[in-house]
Amino acid sequence: MDQLRSLRVFTHVIAAGSFAGAARAIGELEQHLGVRLLNRSSPNLALTDIGEAYLQRATQIKADL
């Protein structure tokens, strides 16, 4: 993970108040979009196909800005 991404992750978790709070924010985003972005299992987290597409688009939007 690059340093800028690490800082973003850290600030998002702090803003959410916890890892669980950050997870809730992802859940709220999924509800808002009406799609599952992540497949969750005990030890792992994986993007769904839609999540992968959303990540690529979000990354491009951030780069454009």
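Biologist: How much area does the chain expose, and what share of it do carbon and sulfur atoms supply?
Modeller: In this predicted model, the chain exposes about 5,500 Å². Carbon and sulfur atoms supply 59% of that area.

Biologist: And what percentage of the residues count as buried?
Modeller: The chain has 65 residues, and 12% of them count as buried.

Biologist: Okay, what about the fold? How many helices and strands does the chain have?
Modeller: There are three helices and two strands. Going along the sequence, they follow the pattern α-α-β-β-α.

Biologist: What size of box do the C-alpha atoms fill?
Modeller: Roughly 30 × 25 × 25 Å, taken along the principal axes.

Biologist: Of the contacts between residues at least 6 apart in sequence, what share join residues at least 24 apart?
Modeller: That share is 6%.

Biologist: Let's go to helix 2. Which of its residues are buried?
Modeller: The buried residues of helix 2 are Gly21, Ala22 and Glu30. Their cover includes helix 1 and strand 1.

Biologist: How does the span of helix 2 compare with what its 15 residues should give?
Modeller: It agrees: at 1.5 Å a residue, helix 2 should span 21 Å, and its end C-alpha atoms are 21 Å apart.

Biologist: And helix 1, how far does that one reach?
Modeller: Helix 1 has 14 residues and reaches 20 Å from its first C-alpha to its last. That is close to the 20 Å expected at 1.5 Å a residue.

Biologist: You listed Glu30 among the buried ones. What is the relative accessibility of Glu30?
Modeller: Glu30 has 9% relative accessibility, so it counts as buried, the cut-off being under 20%.

Biologist: Which side chain does Glu30 meet in a salt bridge?
Modeller: The partner is Arg40, with a nitrogen-to-oxygen distance of 2.8 Å. The pair links distant parts of the chain: Glu30 sits in helix 2 (residues 19–33), Arg40 in strand 1 (residues 38–40), and they are 10 residues apart.

Biologist: Is Arg40 buried or partly exposed?
Modeller: Arg40 is partly exposed, at 41% relative accessibility. That makes a salt bridge between a partly exposed Arg40 and a buried Glu30.

Biologist: How many salt bridges does the count come to?
Modeller: The count comes to one salt bridge.

Biologist: While we're on charges, how far apart are the mean positions of the positive and negative ones?
Modeller: They are 5 Å apart, for 7 positive and 6 negative charges in the chain.

Biologist: Switching to the loop between helix 1 and helix 2, where Gly17 has its place. What phi does Gly17 take?
Modeller: Gly17 comes just after helix 1 and takes a positive phi of about 95 degrees.

Biologist: Is Gly17 exposed or buried?
Modeller: Gly17 is exposed, because its relative accessible area is 60% and the cut-off is over 50%. Its C-alpha is separated by 23 Å from that of Leu47, which is 30 residues away along the chain.

Biologist: Ser18 is in that loop too. What is its relative accessibility?
Modeller: Ser18 has 25% relative accessibility, so it counts as partly exposed.

Biologist: Which residues does Ser18 touch, leaving out those up to four places away in sequence?
Modeller: Ser18 touches Val13 and Arg24. Arg57 is a separate matter: from Ser18 to Arg57 it is 26 Å, C-alpha to C-alpha, with their positions 39 residues apart in sequence.

Biologist: Back in helix 1, how far is Val9 from Ala22?
Modeller: Their C-alpha atoms are separated by 9.3 Å, at 13 residues apart along the chain. Val9 belongs to helix 1 and is partly exposed at 35% relative accessibility, whereas Ala22 is one of the buried residues of helix 2.

Biologist: Last one, Gln60. Where is it found?
Modeller: Gln60 is found in helix 3, which covers residues 49–64. At 40% relative accessibility, Gln60 counts as partly exposed.

Biologist: And how far is Gln60 from Leu29 in space?
Modeller: They are 18 Å apart, C-alpha to C-alpha, and 31 residues apart in sequence.

How values were computed. Residues numbered from 1 in each chain as written. Predicted model: local features only at pLDDT ≥ 70, side-chain atom pairs only at ≥ 80, totals over all residues. Heavy atoms only, no water. Salt bridge = Lys/Arg side-chain N within 4 Å of Asp/Glu carboxyl O. Helix = DSSP H or I, 4+ residues; strand = E, 2+ residues; numbered from the N terminus. Buried < 20%, exposed > 50% of the residue type's maximum accessible area, 1.4 Å probe, protein only. Contact = heavy atoms within 4.5 Å. Areas by Shrake-Rupley, 256 points an atom, 1.4 Å probe, with all protein chains shown as cover. Lys, Arg positive; Asp, Glu negative; His and termini not counted. Charge placed at Lys NZ, Arg CZ, Asp CG, Glu CD. Expected span 1.5 Å × (residues − 1).
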